[in-house]
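Visitor: Please take me through one part of this model closely, namely the loops and the backbone angles in them, and then set that part against the aromatic rings and the chain as a whole.

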Amino acid sequence: MPHFFINQENIKNNVIVINDKENYRHIARALRARCGEKLLLIDENQIQYETVISKITNSEIECEIKKFYPSKRDLEFDLYLAQSPLRSDSQLTIMEKATELGVRGIYPVLTDNCAVKKDVAISKVEKWQKVMFEASKQCERAKIPTCFGVTDLKTVLEMDFGRIIVFGERSTEQSLKQYLGKNPIKKSEKILVVIGPEGGFSQKEFDLFRAKNLPIISLGDLILKADTAVIVALGDIVYEYQG
């Protein structure tokens with residue numbers, strides 16, 4: 001069922017009026033929706049509405065509410081990702097899949113082996129945010145995650161997180177299962193996952209992690225590309241919490 005974001009102010013007498021240009025064009029022009037078709041709408045309060053299109057004019061769409069309830073498409077803890085940007089489609093994949101896996105936000109972090117220059121990364125933030133917005137619609141997320149501004153590793157490690165978990169392909173200390181077995185994730189905990197570039201973290205960066213007493217976690221004996229590592233790490237964290 002198509003899923004779109006609306007504001008509660010657009011709701012009156014059990015009818016939702018869609019009159020913003022982007023949603024209108026997508027529904028009426030791109031999808032060529034017709035009266036009687038179903039739409040899933042979500043407001044800023046994370047209330048999900050199952051609706052049926054009752055009227056389409058040249059500027060707005062009216063939808064009759066059939067059912068509404070709080071959205072369940074969210075994690076019970078706050079999951080964030082700090083990640084060294086990759087080139088081209090690989091980074092777009094990360095933004096999309098991290099959104100599907102429930103992150104609240106992504107920090108593009110410049111590392112010693114980062115494949116993308118700072119000015120290029122800065123110019124991509126708006127595009128990455130749009131990818132996260134579209135992914136949120138596709139996977140029925142009620143709250144759109146944020147792509148934060150480009151930053152550096154030292155700055156992001158000093159931010160206010162309840163827990164920071166570093167994933168590295170070398171110099172690792174334990175598996176995620178071992179680590180979470182001893183340190184289970186708590187409900188509403190704020191967690192930052194840190195993953196490096198294709199070339200991995202530098203020795204200086206590993207020294208920084210150790211100076212801050214951060215756990216350095218292994219994803220196993222297989223060598224994973226950076227975009228694959230992001231998906232596996234986030235997916236494993238979600239699985240271990242829900243399991």
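Guide: A residue counts as exposed when its relative accessible area is over 50%, as buried when that area is under 20%, and as partly exposed in between. The model is a predicted one, and every value that follows is to be read with that in mind. Asn213, at 68% relative accessibility, is therefore exposed. This residue lies in the loop between helix H6 (203-211) and strand E14 (216-218), and its phi is near 60 degrees, a positive value in a residue other than glycine. As a rule, most residues other than glycine have a negative phi.

Glu140 likewise has a positive phi, of about 60 degrees, although it is not a glycine. It is found in the loop between helix H3 (118-138) and strand E9 (146-147), and because its relative accessibility is 18%, Glu140 counts as buried.

Two further loop residues can be described by their surroundings. Gln46, in the loop between strand E4 (38-42) and strand E5 (47-56), has a relative accessibility of 27% and so counts as partly exposed. Apart from neighbours within four places in sequence, Gln46 is in contact with Tyr69, Pro70, Ser71, Asp74, Ala142 and Lys143. The C-alpha atoms of Gln46 and Pro215, which are 169 residues apart along the chain, are separated by 34 Å. Asn10, for its part, belongs to the loop between strand E1 (3-5) and strand E2 (11-12), and at 17% relative accessibility it counts as buried. With neighbours within four places in sequence again left aside, Asn10 is in contact with Val15, Ile16, Val17 and Asn19.

A loop also takes part in the aromatic pairing, for which ring centres must lie within 6.5 Å, planes over 60 degrees apart counting as edge-to-face. By this rule there are 11 aromatic pairs. In one of them, the rings of Tyr107 and Phe161 have centres 6.1 Å apart and planes at 85 degrees, so this pair is edge-to-face. The pair joins distant parts of the chain, 54 residues apart, since Tyr107 is in strand E8 (residues 105-110) and Phe161 in the loop between helix H4 (153-157) and strand E11 (163-167). Both Tyr107 and Phe161 are buried. Phe201 and Phe206 form an edge-to-face pair as well, because their ring centres are 6.0 Å apart and their planes stand at 85 degrees; these two residues are also buried.

Tyr107 and Phe161 belong, together with Tyr80 and Phe148, to one aromatic cluster. The charged end of Lys190 sits over the ring of Tyr80, 5.5 Å from its centre, and over the ring of Phe161, 5.0 Å from its centre.

As for the whole chain, it has 7 helices and 14 strands, and its C-alpha atoms fill a box of roughly 60 × 40 × 30 Å along the principal axes. Of its 243 residues, 44% count as buried. Among contacts between residues at least 6 apart in sequence, 73% join residues at least 24 apart. The accessible surface comes to about 12,900 Å², with 47% of it belonging to carbon and sulfur atoms. There are 35 positive and 34 negative side chains, and the centres of these two sets lie 2 Å apart.

Conventions
Residues are numbered from 1 along each chain as its sequence is written. This is a predicted model: local features need pLDDT of at least 70, side-chain atom pairs count only at pLDDT 80 or more; totals for chains, interfaces and linings use all residues. Side-chain values use heavy atoms; hydrogens and water are left out. Rings of Phe, Tyr and Trp (its six-membered ring) pair if their centres lie within 6.5 Å; planes under 30 degrees apart count as stacked, over 60 as edge-to-face and the rest as tilted. Helices (H or I, at least four residues) and strands (E, at least two) are DSSP runs, numbered from the N terminus. Buried means under 20% relative accessible area, exposed over 50%, partly exposed in between (1.4 Å probe, protein chains only). A charge sits over a ring if NZ of Lys or CZ of Arg is within 6 Å of the ring centre and within 35 degrees of the ring normal. Contact means heavy atoms within 4.5 Å. Accessible areas come from the Shrake-Rupley method with a 1.4 Å probe; for residues, only the protein chains shown count as cover. Lys and Arg count as positive and Asp and Glu as negative; His and the chain ends are not counted. The place of a charge is taken as NZ of Lys, CZ of Arg, CG of Asp or CD of Glu.
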